[in-house]
Amino acid sequence: MTAPKSVDVCRFLREELGSASPDLLRSMVKTFAEALMSVEADAVCGAGYGERSDDRTNQRNGYRQRDWDTRAGTVELAIPKLRQGSYFPDWLLQHRRRAEQALISVVATAYLLGVSTRRVEKLVEQLGVTNLSKSQVSEMATHLDAQVEAFRNRPLDAGPYTFLALDALVVKVRERGRIVNVHTLVATGVNGDGQREILGLDVTSDEDGAGWLAFLRSLTARGLSGVRLVVSDAHRGLVAAIGAALPGAAWQRCRTHYLRNLLTKVPKSAQPWVATLVRTIFDQPDVDAVRAQYARTVATLAERFPNAADHLDDAREELLAFTGFPREVWKQVWSNNPQERLNKEIRRRTDVVGIFPNRAAVIRLIGAVPAEQTDEWTEGHRYMGLKILAKARPTVITTEGTQPDRTATELTAA
């Protein structure tokens, strides 16, 4: 095994992804701990690993393995050996719980604070390491960044991805001396095994059609295929981007986000009644009943709030795209609610940071969350059964008064 400072990053990441390790944190702790030991061993030798220097007083001589039990799991550490004398990290001789807490704190804070080298340098002092330079801390952070980038750029080869959910979150970033809002685009899909999988993450300046189109094309370039239905809010330009990048896919407008928009069309006192009325549309047992109730809801709403009724009537086809698929998956595809847990976890971490120092820090933090969540989903039960997916794939989507196979492009033009 080579030293962490000179590790073949590509090979390391291929092995990590190939093993489908369920614990990203354990992997990061191992990487960080071995990088710390490498820095200490360099200090003892008087020169960096592989560096020719007149100041060198010792040389590396392989590694010895030691298991380290932490709450993140058992970590197998490769401890550097020296040709003369011996080396062993003092912080591993300390009370294990203290060392473990300090190291996990380093890793977590590195993500939460956008890998602030100054902050990480202070934290590693808890382990008794006081001779780290900022460049060395940055080098350790690069190892962590590489794991996130490998996840973001991995091939999407577990398709077809029948159902795709898209969402965006706004975070604040400091750029050119100003604080600006940037949009984090997240894509979640259901793969060929019926498991949910976070497919991609990107940061754009604006949530417009160009940003969504570039994002979706990057997903297709990585292997995204077989998409039959895309679920999202009515982000600006998104529906047109779906039609351009995913021809043949229908668009389901998130009913939860739409209802919030609709309620702005009626007085506050009437909002509970309108919300209850609209929800009755989705409580029906079959397609015909759903469409009949939709018509009754529009008619009832027109008696008191004609503008809101027109708004609801115009959104009919984009809200009822889910009816072209098996009844068993309706609750999972008529809104973006299943993605809310992921959004809350992302928000929990971004709220701690507040303002990010740059876009790379946004990707570093938010990119770690999808990697962990995807591993958790992979270990869990199937999100959709294989028989249900088989029924959904050849489904011909029909809407009242339209031709079959109505795509997102056609919905946009309608």
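In this predicted model, the axes of helix α11 (residues 287-304) and helix α12 (residues 306-314) come within 6 Å and cross at roughly 155°. Angles over 145 degrees count as roughly antiparallel, and α11 and α12 are therefore roughly antiparallel to each other. On the α11 side the contact is made by Tyr294, Thr297, Val298, Leu301, Ala302 and Arg304. These residues meet Pro306, Ala308, Ala309, Leu312 and Asp313 in α12. By residue class, the contact of α11 with α12 divides into eight nonpolar, one polar and two charged residues.

**Strands around β4**

Strand β4 (residues 178-190) pairs with β3 and with β5, as listed below.

| Strand paired with β4 | Bridges | Direction | Residues opposite each other | Hairpin turn |
|---|---|---|---|---|
| β3 (residues 163-175) | 13 | antiparallel | Leu164 and Gly189 | two residues; Arg176, positive phi of about 50° |
| β5 (residues 196-204) | Eight | antiparallel | Val190 and Arg196 | five residues; Gly194, positive phi of about 80° |

Both pairings are hairpins: two residues lie between β3 and β4, and five residues lie between β4 and β5. Arg176 is in the turn between β3 and β4, while Gly194 is in the turn between β4 and β5. As for burial, 10 of the 13 residues of β4 are buried, so this strand is largely enclosed by the rest of the structure.

**Aromatic pairs**

A search of the whole structure finds seven aromatic pairs. One of them joins Phe282 and Phe322, whose ring centres are 5.8 Å apart with the planes at 35°, so the pair is tilted. Phe282 lies in the loop between α10 (271-279) and α11, and Phe322 lies in the loop between α13 (316-319) and α14 (330-333). The pair therefore ties together parts that are 40 residues apart in sequence. Both Phe282 and Phe322 are buried.

Phe322 also pairs with Trp330: the ring centres are 5.1 Å apart and the planes stand at 80°, so this pair is edge-to-face. Trp330 is buried, as is Phe322. Phe282, Phe322 and Trp330 belong, together with Trp334, to one aromatic cluster.

Key
Residues numbered from 1 in each chain as written. Predicted model: local features only at pLDDT ≥ 70, side-chain atom pairs only at ≥ 80, totals over all residues. Heavy atoms only, no water. Buried < 20%, exposed > 50% of the residue type's maximum accessible area, 1.4 Å probe, protein only. Helix = DSSP H or I, 4+ residues; strand = E, 2+ residues; numbered from the N terminus. Pairing = 2+ DSSP bridges. Axes fitted to C-alpha atoms, helices over the stretch in contact; angles between N-to-C directions. Parallel < 35°, antiparallel > 145°, perpendicular 65-115°, else oblique. Contact = heavy atoms within 4.5 Å. Nonpolar A, V, L, I, M, F, W, Y, C, P; charged D, E, K, R; others polar. Phe/Tyr/Trp six-rings, centres within 6.5 Å; stacked < 30°, edge-to-face > 60°.
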